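This briefing goes through one protein structure by topic. Please look over the sequence and the model first.

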Amino acid sequence: MPTLTLMRLAAAVLTALAPAAWAAESVPGELVHAVSQIHSAAVHRKYETLREAMDTAFVWSFGGDADREQALSEWRKEARYLRSLARVTRSACGWVGGGVYQCPAKAGVGSRACFRQVNGPWKMVYFVAGD
């Protein structure tokens, strides 16, 4: 019985500490718009729209990446990046902690796009695959 009580206490503490915005039903409209905008821009290859929706310090690979301009340059050369971005931004997205919204929420080591508020607006801050 002590273990069950400890588990209940831990669950109560975690519930109390979890920000309300992390609940699935609490996705800000601006964030929904940002994900939708990225999806549409990826489908229609609108690079300027992508640029505007990306953080300037954008991460697109583990090592060797510099910023959003480098990412966009590579994406122009390889259509598979935009196909993958379009796919993940139409998947089941969700909160993964620290004010970070990820598409898909349960990507594992697969491709995933991350959104976070950057000085006010929601921006895509990374699009990576792997661990």
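Gln-102 belongs to strand E3 in this predicted model. With a relative accessible area of 8%, Gln-102 is buried, because the cut-off for buried is under 20%. The points below start from Gln-102 and then turn to the cysteines, Arg-68, a helix pair and the whole chain.

**Gln-102 and its surroundings**

- The side chain of Gln-102 comes to 3.1 Å from the backbone oxygen of Pro-104.
- Leaving out residues up to four places away in sequence, Gln-102 touches Cys-93, Gly-94, Val-96, Ala-107, Arg-112, Ala-113, Cys-114 and Tyr-126.
- Two cysteines, Cys-93 and Cys-114, are among these contacts of Gln-102.

**The cysteines**

- A disulfide is a covalent bond between the sulfur atoms of two cysteines.
- One disulfide is found when the whole structure is searched.
- This disulfide joins Cys-93 to Cys-103, with an S to S distance of 2.1 Å.
- The partners lie in distant parts of the chain, ten residues apart: Cys-93 is in the loop between H5 and strand E2 (94-97), and Cys-103 is in strand E3 (residues 100-103).
- The link of Cys-93 and Cys-103 is right-handed, with 110 degrees about the S-S bond.
- Cys-93 has a relative accessible area of 22% and is therefore partly exposed, since buried would require a value under 20%.
- Cys-103 is at 0% relative accessibility and so counts as buried.
- Cys-114 takes part in no disulfide, and the nearest cysteine sulfur, which belongs to Cys-103, is 8.9 Å away.
- Because a disulfide requires sulfur atoms within 2.5 Å, that distance of 8.9 Å leaves Cys-114 outside the definition.
- Cys-114 also counts as buried, at 0% relative accessibility.

**Arg-68 in helix H4**

- Helix H4 contains Arg-68.
- Arg-68 has a relative accessibility of 18%, so this residue counts as buried under the 20% cut-off.
- A polar atom of the Arg-68 side chain lies 3.0 Å from the backbone oxygen of Met-54.
- Apart from neighbours within four places in sequence, Arg-68 is in contact with Arg-51, Met-54, Asp-55, Thr-56 and Phe-58.
- Met-54 thus appears in the contact list of Arg-68 as well as in the 3.0 Å approach to the Arg-68 side chain.

**Helices H4 and H5**

- Two packed helices are described by the angle between their axes and the distance between the axes.
- Helix H4 (residues 68-77) packs against helix H5 (residues 79-88) at an angle of about 105 degrees, and their axes are 5 Å apart.
- H4 is therefore roughly perpendicular to H5, a term that covers angles of 65 to 115 degrees.
- On the H4 side, Glu-74, Trp-75 and Lys-77 meet Ala-79, Tyr-81, Leu-82 and Leu-85 of H5.
- The contact of H4 with H5 has five nonpolar and two charged residues, and no polar ones.

**The chain as a whole**

- Five helices and five strands are found in the protein chain.
- Along the sequence, these elements follow the pattern α-α-α-β-α-α-β-β-β-β.
- Of the 131 residues in the protein chain, 35% are buried.
- Of the contacts in the protein chain between residues at least 6 apart in sequence, 45% join residues at least 24 apart.

How values were computed: Residues are numbered from 1 along each chain as its sequence is written. This is a predicted model: local features need pLDDT of at least 70, side-chain atom pairs count only at pLDDT 80 or more; totals for chains, interfaces and linings use all residues. Side-chain values use heavy atoms; hydrogens and water are left out. Axes are lines fitted to C-alpha atoms, for helices over the stretch in contact, and angles run from 0 to 180 degrees between N-to-C directions. Helices (H or I, at least four residues) and strands (E, at least two) are DSSP runs, numbered from the N terminus. Angles under 35 degrees count as roughly parallel, over 145 as roughly antiparallel, 65 to 115 as roughly perpendicular and the rest as oblique. Contact means heavy atoms within 4.5 Å. Ala, Val, Leu, Ile, Met, Phe, Trp, Tyr, Cys and Pro count as nonpolar, Asp, Glu, Lys and Arg as charged, and the others, Gly among them, as polar. Buried means under 20% relative accessible area, exposed over 50%, partly exposed in between (1.4 Å probe, protein chains only). A polar contact is a pair of N or O atoms within 3.5 Å; within protein, one must be able to donate a hydrogen and the other to accept it, and residues adjacent in sequence count only if both atoms are side-chain atoms.
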